[in-house]
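Got your viewer open and a selection box ready? Let's take a walk through this one, stop by stop.

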Amino acid sequence: MSTAYKGSEVGGDTNFRRTWDREEYEKKALERERESERAKVKEKPTELLKARKEKLELDKYLGKSQVVQTAGAASKQPGFYCKICDCNIKDSVNYLDHINGKRHQSKLNRTMKVERSSIEDVRAKLAKLKKKKEEPEKELTFDERIEKAKKDEEKRKESRKARKKEKKRRKREQEEQDSESLDPELAAIMGFKKFKSSN
Amino acid sequence: MANRTVSDAKNIHGTNPQYLLEKIIRSRIYESLYWKEDCFGLTAESLIDKADQLPCIGGQYGNQKPTEFLCLTLKLLQLQPEKEIIIDFIRNEDSKYLRALGAFYFRLIGDSLEIYKYLEPLLYDFRKLRRRLPDGAYDIIHMDEFIDSLLRDERVCDTILPRILKRQVLEDNEELEPRVSFLEDELEQEALAAAKKEKKDRSRSRSSSRVSCYRNIKTINIYFYKCIINN
């Protein structure tokens, strides 16, 4: 980018003053204006409102003790934390209002309109309900239930392990990247080699 | 935001359909946890599951809390599904609470003739429903009782029902056939039999007619009992 400052030009005794390239600055101003306009027109959400599938479990931590911080990151503070909006809400009613609110939903790319279900959808659903009523879920015996609980537990452990592994891997990668970004020659001059990861 | 009626809703009885529930009850519903947590983003289709899982019917209970039944009614008023959908709700045999919900909603929005047409067949449904009483306790009523109260009473489930024409008026205008009682045949036969018997032993004491009357009532009871079992 050429500098807009052109330095002194011919002129009587005011040639010590700086003069400016008008065209260049005009271009810049126009660009700035366009940018700000673009920022104003936010993208509108495109999807329709959806009901929550899973239970909210607002009383998940009832009767449990937790270490919390009163200052610092929102996620560490006491209350209900909303990942999407990165905010912390102090009580369940306000939390519900928040996650049902327009701002939160638009971050999920959803409008506040609900899909209009057609008569075919409803009929299909009713047929499904009928089928379910006709074939009630078979009851498990005590042993079977224990077996099922064990399997569930194992699955949960496995997934937790996988998540931890993934986290570690990502951390290592990040560290490697950081060390690589340092110029190796400079590092050699400064007298240290690659960073070692802590594990 | 989430409490608004759908934008393409038609006015019912001259107002926004949600106004068919009184203001105070409506705002209590908007504040209730069930509304915020479970009724958010429902469609007419996903509402079916919620209606199937309803624990009871009823208006307000305890500390003026609205029941789930009222919450779902308001949801229906808000969504305003097509009439065919509601009729499907009413006609379904599998979920009695869905049927009760459909009937209640239809009573709020329908016109007199259709209400009689679609709700009267439900008078032959004798299944039990749990009803939440204002003090929070439960009692049992039957579907036919509930439908009967919808057709006759002014106030059901803490909601003022819109006025409908009396059945008699519609019959006089020849818009409706006179209703034939479920027990008509039975009663006729009984009456015939009783008359015959009376003729036969007119000379005997009068107590016999009383006995036959008693028997009449008994058979009716048995008949009812059969119907309940069949359902």
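## Stop one: a helix in chain B

Start by selecting Asp148(B), which is partly exposed because its relative accessibility is 28%. Keep in mind as you click around that this is a predicted model. Now add Arg152(B) to the selection: its side chain meets that of Asp148(B) in a salt bridge, 2.7 Å from N to O. Arg152(B) counts as exposed, with a relative accessible area of 64%. The two residues sit four apart in helix 8 of chain B, about one turn of the helix. The spacing is worth a thought: an α-helix has 3.6 residues a turn, so residues three or four places apart point the same way.

Widen the selection to residues 143–152 of chain B, the whole of helix 8. How many of its 10 residues are buried? The count is seven, so the helix is mostly covered. Colour Met143(B), Asp144(B), Phe146(B), Ile147(B), Ser149(B), Leu150(B) and Leu151(B) to see the buried set in helix 8.

## Stop two: another pair, one helix on

Move to helix 9 of chain B, residues 167–172. Select Glu171(B) and Arg167(B), which form a salt bridge with the closest N and O atoms 2.4 Å apart. These residues are also separated by about one helical turn, being four residues apart. Is Arg167(B) buried or exposed? Arg167(B) is buried, at a relative accessible area of 16%, while Glu171(B) counts as partly exposed at 22%. The cut-off for buried is under 20%, so the two residues land in separate classes.

Before leaving, zoom out to all of chain B. The chain has 11 helices and seven strands, and 46% of its 231 residues count as buried. Among contacts between residues at least 6 apart in sequence, 67% join residues at least 24 apart. Show the surface, and you have about 12900 Å² of accessible area, 50% of which belongs to carbon and sulfur atoms.

## Stop three: where the chains meet

Bring chain A into view. Here 30 residues of chain B are in contact with 29 residues of chain A. The size of an interface is often given as the accessible area lost when the parts come together. For this pair of chains that is about 2700 Å², with 59% of it on carbon and sulfur atoms.

Next, look for charges. Six salt bridges are counted between chain B and chain A. One to pick out is Asp88(B) with Arg123(A), whose closest N and O atoms are 2.8 Å apart. Helix 2 (33–37), helix 3 (46–52) and helix 5 (83–91) of chain B each supply at least two residues of the side that touches chain A. Which helix gives the most? That would be helix 5 of chain B, with four residues. If you colour this side of chain B by class, expect 13 nonpolar, six polar and 11 charged residues.

Then drop into the loop between helix 2 and helix 3 of chain B, where you'll find Thr43(B). Thr43(B) counts as buried, at 11% relative accessibility. Setting aside residues up to four places away in sequence, Thr43(B) touches Val114(A), Glu115(A), Ser117(A) and Leu79(B).

## Stop four: a charged network in chain A

Head over to helix 5 of chain A, residues 142–181, and select Arg169(A) and Glu173(A), four residues apart there. Their side chains meet in a salt bridge, 2.8 Å from N to O. Arg169(A) is partly exposed at 38% relative accessibility, and Glu173(A) is partly exposed too, at 42%. Add Glu166(A) and Arg170(A) as well: together with Arg169(A) and Glu173(A), they are linked in a network of salt bridges. Over all chains, the structure has 23 salt bridges.

## Last stop: two backbone oddities

Finish with a look at torsions. Most residues other than glycine have a negative phi, and most peptide bonds are trans. Select Asp86(A), in the loop between strand 4 (80–82) and strand 5 (87–89) of chain A: its phi is positive, near 50 degrees. Asp86(A) is partly exposed at 48% relative accessibility. Then jump to His13(B), in the segment before helix 1 (23–31) of chain B. His13(B) has a positive phi of about 50 degrees, and it is partly exposed, with a relative accessible area of 47%.

Conventions
Residues are numbered from 1 along each chain as its sequence is written. Chains are lettered from A and ligands numbered from 1 in the order in which they are written. This is a predicted model: local features need pLDDT of at least 70, side-chain atom pairs count only at pLDDT 80 or more; totals for chains, interfaces and linings use all residues. Side-chain values use heavy atoms; hydrogens and water are left out. Contact means heavy atoms within 4.5 Å. Buried area is the accessible area (1.4 Å probe) that two parts lose on being put together, summed over both. A salt bridge is a side-chain nitrogen of Lys or Arg within 4 Å of a carboxyl oxygen of Asp or Glu. Ala, Val, Leu, Ile, Met, Phe, Trp, Tyr, Cys and Pro count as nonpolar, Asp, Glu, Lys and Arg as charged, and the others, Gly among them, as polar. Buried means under 20% relative accessible area, exposed over 50%, partly exposed in between (1.4 Å probe, protein chains only). Accessible areas come from the Shrake-Rupley method with a 1.4 Å probe; for residues, only the protein chains shown count as cover.
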